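Please look at the sequence and the three-dimensional model together, and keep both in view while reading the explanation that follows.

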Amino acid sequence: MTRKLDRWRRNSGKQRARRNDGASHAVEALRSRSFDFAWALWTALFAPVIPLLWLAGSPPRLVRKFARIWARGVLVELAWIVGLDFVEQGRGNVPTEPCLIICNHQSTWETMAALVLFPDVAIIAKRELLRIPVLGWFLRRSPMIIINRSEGASALRTMMTEGAAALASGRSVLIFPEGTRRDPSEPIRFKRGVDLLYKRLGAPALPVVVDSGKFWGAASHPRRQGTITVTYLSLIPAGLSLAEFARYGEQRMQAEQASASPVGWDRTP
């Protein structure tokens, strides 16, 4: 009789846990969809600004200012609706002079957040982003460094030429060295071309590691409540060989990523 009672209690506990998990996932999905709606509405509000900026000659600094306002608003919506905020560690490592910024890529979050974290940054972005209404216009006229990854050598030339021009104008250049979004469990591996950009720019590189993939993963999964950590590592000096730069950058960023909390652990109280 006692064994049957214990078994019944264990089964009842498992059923309650499953119900609680189901309710939690439903709330996450609702918050995520609500954020999508608010995000779209906020973006639409910037559409009337486009003809005004166009009539003013689309001055890049003013375009970038409005892009930062847009990105900051999205981050605020994300914090209010989803409960997903961020903290920064090692901000003192960010140099006052323009540099090459290398950041791991786990979600859409870091692309938007970069506009706030690094004012006037020139982001190396894929051409597909230009198809996004409103945002595509701001990206083109900021201007960001837009490449077509399928063009290979031509994309690399564009990246290096426009990257050098951006750095000369006082703008840091940000690249996601992995080339595309990666799962947090995957090791960081630089794509070919990042090392050539580092050599061409002749500037220090700032490694940045984010753990956004724990909270904003694949498109099929809702965003989750929590706190994204943005970690700025110490600068990689200019002048290293291509192999040294790639090895040093990968090892340091991978070590930081590996030291992050396990995937799925929510650090909010």
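Pro143 is found in the loop that runs between α5 (135-141) and β4 (145-147), in what is a predicted model. The peptide bond that joins Ser142 to Pro143 is cis, with an omega of about -15°.

Two other places in the backbone also deserve a careful look. Val134, which is not a glycine, has a positive phi of about 70°, and it sits in the loop between β3 (122-126) and α5. Is Val134 buried or exposed? Its relative accessible area is 17%, and because buried means under 20%, Val134 counts as buried. Ser58, again a residue other than glycine, has a positive phi of about 50°, and its place is the loop between α2 (49-55) and α3 (60-82). With a relative accessible area of 12%, Ser58 is buried, and, when residues up to four places away in sequence are not counted, Ser58 touches Leu53, Val63, Trp137 and Arg141.

One of these partners, Trp137, leads on to the aromatic rings, since ring pairs link Trp137 with Trp42, Phe46 and Phe138 into a cluster. How many aromatic pairs does the model hold? The count comes to 10. In the pair formed by Phe35 and Trp216, the ring centres are 6.0 Å apart and the planes stand at 85°, so this pair is edge-to-face. Phe35 belongs to helix α1 (residues 2-44), whereas Trp216 lies in the loop between β6 and β7 (226-232), so that the pair links distant parts of the chain, 181 residues apart. Both Phe35 and Trp216 are buried. Tyr198 and Phe245 form an aromatic pair that is stacked, with 4.0 Å from centre to centre and 5° between the planes. This pair also links distant parts of the chain, for Tyr198 is in helix α7 (residues 194-201) and Phe245 is in helix α8 (residues 242-259), with their positions 47 residues apart in sequence. Tyr198 is buried, and Phe245 is buried as well.

From Tyr198 the path can be followed to Leu100, a residue of strand β2 (residues 100-103). Although Leu100 and Tyr198 are 98 residues apart in sequence, their C-alpha atoms are 7.0 Å apart in space. If the neighbours within four places in sequence are left aside, Leu100 is in contact with Val173, Ile175, Leu197, Tyr198, Leu201, Pro204, Ala205 and Leu206. How much of Leu100 is accessible, in relative terms? The relative accessible area of Leu100 is 0%, so this residue is buried.

The next topic is the empty space inside the model. Rolling a probe the size of a water molecule over the atoms shows where empty space is left. The structure holds 3 cavities of 30 Å³ or more, and about 60 Å³ of space lies in the largest cavity. Which elements give two or more residues to the lining of this largest cavity? They are α4 (109-117) and β6 (205-210), and α4 gives the most, with 5 residues. The lining is made up of Cys103, Trp109, Glu110, Ala113, Ala114, Leu117, Phe118, Leu174, Phe176, Val208, Val210 and Val230. When these lining residues are divided by kind, 11 are nonpolar, none is polar and 1 is charged.

The helix α4 is itself mostly covered, with 8 of its 9 residues buried. The buried residues of α4 are Trp109, Glu110, Met112, Ala113, Ala114, Leu115, Val116 and Leu117. An α-helix has 3.6 residues a turn, so residues three or four places apart point the same way. With that rule in mind, the reader may find it useful to trace Trp109, Ala113 and Leu117, which are among the residues that line the largest cavity.

Finally, the parts can be set within the whole protein, which has 8 helices and 7 strands. Of its 269 residues, 43% are buried. Among the contacts with a separation of 6 or more, 76% are made by residues 24 or more positions apart. The accessible surface of the protein comes to about 14,400 Å², and 57% of that surface belongs to carbon and sulfur atoms.

Notes
Residues are numbered from 1 along each chain as its sequence is written. This is a predicted model: local features need pLDDT of at least 70, side-chain atom pairs count only at pLDDT 80 or more; totals for chains, interfaces and linings use all residues. Side-chain values use heavy atoms; hydrogens and water are left out. Helices (H or I, at least four residues) and strands (E, at least two) are DSSP runs, numbered from the N terminus. Buried means under 20% relative accessible area, exposed over 50%, partly exposed in between (1.4 Å probe, protein chains only). Contact means heavy atoms within 4.5 Å. Accessible areas come from the Shrake-Rupley method with a 1.4 Å probe; for residues, only the protein chains shown count as cover. On a 1 Å grid over the protein atoms alone, a cavity is a set of points where a 1.4 Å probe fits but cannot get out, and a pocket is an open set with protein on both sides within 12 Å along at least five of seven lines; lining residues have an atom within 4 Å of a point. Grid points are joined across faces, edges and corners, and a volume is the space filled by probe spheres set on the points. Ala, Val, Leu, Ile, Met, Phe, Trp, Tyr, Cys and Pro count as nonpolar, Asp, Glu, Lys and Arg as charged, and the others, Gly among them, as polar. Rings of Phe, Tyr and Trp (its six-membered ring) pair if their centres lie within 6.5 Å; planes under 30 degrees apart count as stacked, over 60 as edge-to-face and the rest as tilted.
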